[in-house]
Amino acid sequence: MRVLQVYFFMILLQVIALGNNAICIAQSGNEITEKAICKSPNIEWLQEISSESIKTSSGGFFESLSDLIFGSDDLTILKPFSLVTDSEGSIFFIDQDSKKLLKYSFDENELASLLNDDVELKSPIGLCINQTALIFTDSELNTVFKYDFNSEETSVLNSSLEQPTGIIYLESIQEFWICETKQHRIARLNKDGKLLGTIGQRGNGQGQFNFPTFIWSDGNGNIYVNDSMNFRIQIFSSDGKFSNQFGKSGDGSGDFSRPKGIATDSYDNIYVVDALFNNVQVFDQSGRLLDVFGERGTDPEMFWLPTGIFIDKQNKIFVADSFNSRIQIYQLRCEN
């Protein structure tokens, strides 16, 4: 009996010693895994990708001078909006001013356009990636497009939605979830573009929406929706059930004014871009504000009407700094 008392006492001491340290235990069947928690995120600025940075790095002073005198036909970054990265680190993004789907390669430090001249976009918005393709929406054309990596051809995946905007692909159930903004709901498509059903309707209750625009999946079965004109983030399971929500309209810390892109890091913290605040706010799963980075300006680490955000598996954070015509890249470093 005394041995058992000592054993449980030691366990209690270990629990107390952990305190707020970054460990949470999750159990699945007989397998116990550790899930890290980051309560004190440190967001470190790394670099920016812009037309100027590409020119400076690749061509140097004389090429820039030549372009100034004689002009240049090179692609430029004008107004980046939604963006994703692949396993090789290339950045794919929608440029709303040029209405192009662009790719930036770090290895070559080059910018390339992926769409043929016969593909004319009007208001490209959302973008997601799977193993074989890029899928993107055009809210004015009411169309979901698919760019195939192998054939390098673009085709229509679906043209039955009204004002499609944010889009994600759920690999586990092979479905696309799309913000159907005009209908104030989420549309579910199968991998071939067939409509399977919808989630929500207009309203401000749980599971209802008022102009949803951006959406994100954390890969663990949680889907995050920017319910933009309800000024909140709603969280759902992959079977469409409401789980949680946080946020309200206001000008204080943790409030929203014009919420845009949303993403999560590997610690399940939630990042929300706010275009009018010109910043990114970081929340935990309960909606508690952990950090804020960015302010209005044109210098590094400043934003001007930012929109999209993407976080890769290495916790690199990519923000579409739209009206500064650049993509800013950060690295999360946890300081618990």
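These legends accompany several close-up views of a predicted model.

**View 1. The whole chain, a fold with three helices and 26 strands.**
Welcome to the overview, a good place to get your bearings before moving closer. The protein chain has 336 residues, and buried residues make up 46% of them. Take the contacts between residues at least 6 apart in sequence: 42% of these join residues at least 24 apart. The accessible surface of the chain comes to about 17,100 Å², and carbon and sulfur atoms account for 48% of that area. A search of the whole structure for salt bridges finds nine, and some of these appear in the views below.

**View 2. An open sheet of four strands in the order 12-13-14-15.**
Pairing in this sheet is antiparallel. As a reminder, strands of a sheet pair through backbone hydrogen bonds, either parallel or antiparallel. Which strands stand at the edges? They are strand 12 (164-170) and strand 15 (195-199); each has a single partner strand, so one side of each is left without a neighbour in the sheet. From one strand to the next, the twist averages 25°. For a look at the pairing itself, follow strand 12 along strand 13 (residues 175-180), where five bridges join the two in the antiparallel sense. A handy landmark here is isoleucine 168, whose bridge partner in strand 13 is tryptophan 177.

**View 3. A salt bridge beside the sheet, between lysine 182 and glutamate 162.**
Staying with the same region, we turn to the loops. Lysine 182 sits in the loop between strand 13 and strand 14 (185-190). Glutamate 162 belongs to the loop between strand 11 (154-158) and strand 12. The two residues are 20 apart in the chain, and their side chains meet at 3.9 Å, N to O. Glutamate 162 has a relative accessible area of 32%, so this residue is partly exposed.

**View 4. Arginine 333 and glutamate 44, a salt bridge between distant parts of the chain.**
Here the closest N and O atoms of the pair are 2.4 Å apart. Arginine 333 comes from strand 26 (residues 326-334), while glutamate 44 comes from strand 3 (residues 41-50). In sequence, 289 residues separate them. Are these partners buried or exposed? Arginine 333 has 40% relative accessibility and therefore counts as partly exposed. Glutamate 44, at 30%, also counts as partly exposed.

**View 5. Glutamate 48 and arginine 326, a second link between strand 3 and strand 26.**
Look along these strands and you will find another salt bridge, with glutamate 48 and arginine 326 meeting at 2.9 Å, N to O. Glutamate 48 is in strand 3 and arginine 326 in strand 26, 278 residues apart. The cover of the two partners is worth a glance. Arginine 326 has a relative accessibility of 4%, so this residue counts as buried. Glutamate 48, at 23%, counts as partly exposed, because buried means under 20%. Asp321 joins in too: salt bridges that share partners connect Glu48, Asp321 and Arg326 into one network.

**View 6. Asparagine 210 and its surroundings in the loop between strand 15 and strand 16 (212-217).**
Which residues does asparagine 210 touch, leaving aside those up to four places away in sequence? The contacts are His184, Arg202, Gly203, Asp227, Ser228, Met229 and Asn230. With arginine 202 there is also a polar contact from side chain to side chain, at 3.1 Å. Asparagine 210 has a relative accessible area of 16%, so the residue is buried. Glutamine 183 offers another reference point: asparagine 210 is 27 residues from glutamine 183 in sequence and 8.9 Å away in space, C-alpha to C-alpha.

**View 7. Asparagine 109 and aspartate 268, two loop residues with a positive phi.**
Most residues other than glycine have a negative phi. Asparagine 109 is not a glycine, yet has a positive phi of about 50°. You will find asparagine 109 in the loop between strand 6 (100-105) and strand 7 (110-113). At 12% relative accessibility, asparagine 109 counts as buried. For aspartate 268, phi is near 70°, again a positive value in a residue other than glycine. The loop that holds aspartate 268 runs between strand 20 (259-264) and strand 21 (270-274). Aspartate 268 counts as buried, with a relative accessibility of 17%.

Terms used:
Residues numbered from 1 in each chain as written. Predicted model: local features only at pLDDT ≥ 70, side-chain atom pairs only at ≥ 80, totals over all residues. Heavy atoms only, no water. Pairing = 2+ DSSP bridges. Axes fitted to C-alpha atoms, helices over the stretch in contact; angles between N-to-C directions. Salt bridge = Lys/Arg side-chain N within 4 Å of Asp/Glu carboxyl O. Buried < 20%, exposed > 50% of the residue type's maximum accessible area, 1.4 Å probe, protein only. Contact = heavy atoms within 4.5 Å. Areas by Shrake-Rupley, 256 points an atom, 1.4 Å probe, with all protein chains shown as cover. Polar contact = N/O pair within 3.5 Å; in protein donor to acceptor, adjacent residues only side chain to side chain.
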